[in-house]
Amino acid sequence: MDTIELILILLYSLALTILIEGVVVLLSTKDKQMVKHSVLCNLLTNPIVNLVLILAVNIWGRGIYVPVLFVVELLTVGVEAYIYKYITGMELRQAVFLSMLANAASWGIGAIIGLITG
């Protein structure tokens, strides 16, 4: 995989995540401002998550993907929940639930797309 291909994959992943999680946040909160916060969360977390996964697989092999994915997704939910709480004043429990819901949706749809496209 060359650098351009990697960048395109990362941008595609980011765009898809922003779209899916934005829809989930909008449907869950009915608040367009929260969609902006969702975009901010994803701009901060998605590139890091994907780069960590790429580095882990390149260093330790494909077998490490699922364990690392599990850990970084849990960390992502925590970071995004904190951002939601900090920016909006939302209760932590609500922020964690919203982050978990949005991340589960984007991960699930991404996994389905991955299975379809190979």
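In this predicted model, helices α2 (32-60) and α3 (65-88) each contribute at least two residues to a nonpolar patch. The patch lies on the surface and is formed by L40, L44, Y82, Y86 and I87, which together present about 540 Å² of accessible area. The largest contribution comes from α3, which supplies three residues of the patch. I87 is located in helix α3. This residue is classed as partly exposed because its relative accessibility is 36%, a value between the limits of 20% for buried and 50% for exposed residues.

Two pockets were examined. The largest pocket has a volume of about 1,300 Å³. Its lining comprises 36 residues, and those nearest the centre of the pocket are I9, S13, N50, L53 and Y65. Two or more lining residues are provided by each of α1 (3-29), α2, α3 and α4 (92-117). The largest share of this lining, 10 residues, belongs to α1. By residue class, the lining of the largest pocket consists of 18 nonpolar, 14 polar and four charged residues.

The second largest pocket encloses about 210 Å³ of space. It is lined by V66, L69, F70, E73, L74, V77, M100, N103, A104 and W107. The elements that give two or more residues to this lining are α3 and α4, and α3 gives the most, with six residues. The lining of the second largest pocket divides into eight nonpolar residues, one polar residue and one charged residue. Helix α3 thus gives the most both to the nonpolar patch and to the lining of the second largest pocket, whereas α1 holds the largest share of the lining of the largest pocket.

Definitions and conventions
Residues numbered from 1 in each chain as written. Predicted model: local features only at pLDDT ≥ 70, side-chain atom pairs only at ≥ 80, totals over all residues. Heavy atoms only, no water. Patch = residues over 30% accessible without salt bridge, like charges linked within 9 Å, V, L, I, M, F, W, Y side chains within 5 Å. Areas by Shrake-Rupley, 256 points an atom, 1.4 Å probe, with all protein chains shown as cover. Salt bridge = Lys/Arg side-chain N within 4 Å of Asp/Glu carboxyl O. Helix = DSSP H or I, 4+ residues; strand = E, 2+ residues; numbered from the N terminus. Buried < 20%, exposed > 50% of the residue type's maximum accessible area, 1.4 Å probe, protein only. 1 Å grid on protein atoms, 1.4 Å probe; cavity = no way out; pocket = protein on both sides within 12 Å on 5 of 7 lines; lining within 4 Å. Points joined across faces, edges and corners; volume = space filled by probe spheres on them. Nonpolar A, V, L, I, M, F, W, Y, C, P; charged D, E, K, R; others polar.
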